[in-house]
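Reader: Could you choose a single part of this model and take me through it closely, with the cut-offs behind each term you use?

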Amino acid sequence: MEILKFITAGSVDDGKSTLIGRLLYDSESILADQLEALQSSNRKNDDGTIDLAILTDGLKAEREQGITIDVAYKYFQTEKRKFIIADAPGHIQYTRNMVTGASNSNLAIILIDARKGVIEQTIRHSFLVSLLGLPQVVVAVNKMDMIDFSEDRFNEIVKDYQQLAAKVGLSNITYIPVSALKGDNIVNPSKNMDWYNGKSLLDHLETVEIAIDANVAHAYLPVQWVVRPQTDELHDYRGYAGRILSGSLRVNDKVTVLPSGFTSTVEHIELLDKQFEEAGAGLSVTVRLKDDIDISRGDILVSSALKPQVSQLIEADLCWMDTRALDTSLTYLIQHNSKVTKARIQEILYKVNINTLEKEDGEEFKLNDIGRVIIKTADPLVFDLYQNNKNSGGAIIIDSRTNVTVGALMLRANAD
Amino acid sequence: MSKYNLDYLDELEAEAIYILREVAGQFEKPALLFSGGKDSITLVHLAQKAFRPGKFPFPLVHIDTGHNFQETIDYRDDMIKRIGEKLIVGYVQDDIDNGNVVEQKGKNASRNALQTVTLLNTIAKHQFDACIGGARRDEEKARAKERIFSVRDEFGQWDPKRQRPELWNIFNGKINKGENVRVFPISNWTELDVWNYIRRENIPLPTIYFAHQRDCITRNGQLMAASEFLNMDSEDVVENRNVRFRTVGDMTCTAAVESYAFEIDDIINEISASKISERGARMDDKVSEAAMEDRKKGGYF
């Protein structure tokens with residue numbers, strides 16, 4: 001069984017929480033005591049039915065205000081798949097939360113209110129999904145019950161969205177007409193839309209192909225920890241522990257250590273008492289090499305045949321996540337995998353108006369601003385382009401005064 | 001070009017090991033909080049995968065309420081001997097004796113709330129900068145909001161509105177003096193995932209997880225183990241029941257469930273069919289709708 005991680009994007013009134021609630025409720029993923037708490041809650045729909053939205057609002061302030069403040073993670077499982085939902089808020093002031101949720105997802109559900117069609121927020125959400133490189137998108141046209149389940153209206157929205165998708169560069173889109181409130185096409189096929197022949201949302205989520213970021217041919221393993229028991233019987237043991245982020249590693253493979261450039265051969269790939277002949281992307285392993293070379297945390301092991309980018313000058317998309325604006329005269333820290341080094345934003349190339357998608361001159365980068373920059377790092381980064389591999393192409397910026405994560409970087413080009 | 005689609009247990013395991021190694025790499029004085037429950041037992045197993053044949057780069061820390069199930073303490077001591085790692089115990093009794101906390105009174109008195117003080121004192125005494133715990137996001141709705149690296153202020157408090165964004169596989173462990181990070185490597189696991197993993201990996205567990213005969217009383221609709229720690233009176237009727245425990249905590253706040261699950265397969269079947277959440281058997285969560293959120297803000301796990 002596999003895990004599908006997805007994010008839901010929609011504005012406050014599009015029924016995002018109701019959609020998640022409906023998904024959990026109709027797939028019978030809500031337990032009796034949780035259901036009881038739900039039924040005893042004072043929040044009810046107009047017709048007296050349970051308000052499924054409260055299932056997802058976990059914090060007091062959220063229940064008080066009826067809005068979602070931060071990303072919450074929800075888990076459910078069917079016979080076919082396990083699901084992790086990153087439930088991110090839709091408000092513009094929470095763009096950073098949506099970026100956070102999207103960074104770990106394989107699929108995005110973009111909600112559109114059938115009455116309103118494609119609106120400014122749809123543009124913003126679609127742009128973010130494209131920027132973060134989610135391989136699969138579902139456009140859920142919600143509240144179909146409020147437009148008499150009109151096929152024409154649905155087709156009109158699909159047409160509008162196709163234009164938007166072309167503009168932001170999204171592909172692999174599936175369109176589903178739904179009513180989260182009434183339960184049409186969420187888990188069960190709708191009786192009210194016999195013109196729709198596609199899958200229900202859950203059916204689609206259970207069967208859609210999950211593209212794993214392993215489509216880069218070279219093996220890429222950031223070293224997190226050097227295992228050195230230093231006991232009498234294991235005096236010379238040196239294991240390099242890390243998670244393989246792309247490709248696969250085999251015993252007897254030639255490997256290069258970057259950025260130093262030393263080469264060696266894989267002698268053992270192991271984990272506790274298990275030995276691997278070959279280990280693929282996603283696995284955490286410990287690697288031992290034939291030669292005793294200097295490797296420490298933050299170094300990258302790659303297969304010798306193919307190499308990632310190595311540079312101190314990188315063009316990247318930046319999403320600013322802090323209330324303090326970006327200061328180009330300041331030295332920040334950049335964290336990329338297990339490597340932390342100093343960095344400066346050398347140049348702001350442009351900012352994107354995420355409501356109109358227009359490029360603007362960027363003097364200042366404030367909270368939730370997104371644009372293209374050139375970053376200069378103190379030590380070279382060993383990376384893949386974000387579009388090729390999210391896990392080796394993403395980085396964060398840390399403000400060394402507060403230690404807070406203030407920016408997300410998607411590394412787009414070697415600017416050397 | 002080959003594709004690797006990992007089975008969900010492999011993926012969860014690889015992620016947890018990755019997180020444990022990030023803790024080792026980023027912090028000066030980490031600790032692994034061990035309660036004797038299945039989640040922290042799973043963490044110890046994962047730590048062996050992360051660091052063997054080396055030693056753990058952190059000690060295990062147990063906050064002992066003094067109201068533990070004896071089976072848990074026996075398991076803990078056997079396990080420490082078996083894995084050869086260091087154990088530090090913080091005693092709630094010590095904080096009661098020196099007046100740092102006052103024991104609750106009344107029929108439903110529990111030492112559960114007092115643990116927070118002992119935990120924070122133990123962290124301060126040993127200057128731990130990161131504490132690894134076995135909490136999962138599926139347990140409770142406030143937990144569902146928590147980051148994997150969760151920064152706590154110098155009073156141990158969690159502020160849900162000031163959480164750091166957590167992107168991709170990058171965990172920012174940089175903290176200011178006095179702050180502390182709680183790390184949850186199995187955030188993305190569900191109760192059933194933990195059980196399936198324990199079965200797959202053959203991890204031994206304390207006997208109280210399996211069905212056994214025990215003297216119990218019924219209180220507030222829950223089955224509680226009859227013990228000297230529970231304030232019992234003439235109204236309490238002691239009955240011998242066939243029970244097991246779904247979570248392991250303080251004897252005064254952990255309820256048993258009627259069960260005939262003697263083997264791990266039985267437990268997995270039982271949980272799969274159960275319509276009550278795991279936390280449904282924790283009295284401490286039932287105090288109010290925001291009970292867990294409030295305790296976490298105060299420095300609880």
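Author: A residue is called buried when under 20% of its relative accessible area remains, exposed when over 50% does, and partly exposed in between, using a 1.4 Å probe and protein chains only. This is a predicted model, in which local features need pLDDT of at least 70 and side-chain atom pairs count only at pLDDT 80 or more, while totals for chains, interfaces and linings use all residues. Residues are numbered from 1 along each chain as its sequence is written, chains are lettered from A and ligands numbered from 1 in the order in which they are written, and side-chain values use heavy atoms, with hydrogens and water left out.

The part I have chosen is helix α5 of chain B, residues 115-126, where helices (H or I, at least four residues) and strands (E, at least two) are DSSP runs numbered from the N terminus. Its 12 residues should span 16 Å at 1.5 Å a residue, and the end C-alpha atoms are 16 Å apart, which agrees; the expected span is 1.5 Å times one less than the number of residues.

Along α5(B), the buried residues are Gln115(B), Thr116(B), Thr118(B), Leu119(B), Thr122(B) and Ile123(B). Because they cover an arc of only 165° around the axis, they lie on the same side of α5(B), the arc being that of the directions from the helix axis to the C-beta atoms. On the other side of α5(B), Ala124(B) and Lys125(B) are exposed.

The buried residues of α5(B) pack (heavy atoms within 4.5 Å) against several elements of chain B, namely the strands β1 (30-33), β2 (60-64), β3 (87-91), β4 (130-132) and β6 (180-183), together with helix α4 (92-97). Just after α5(B), Gln127(B) adopts a positive phi of about 55°.
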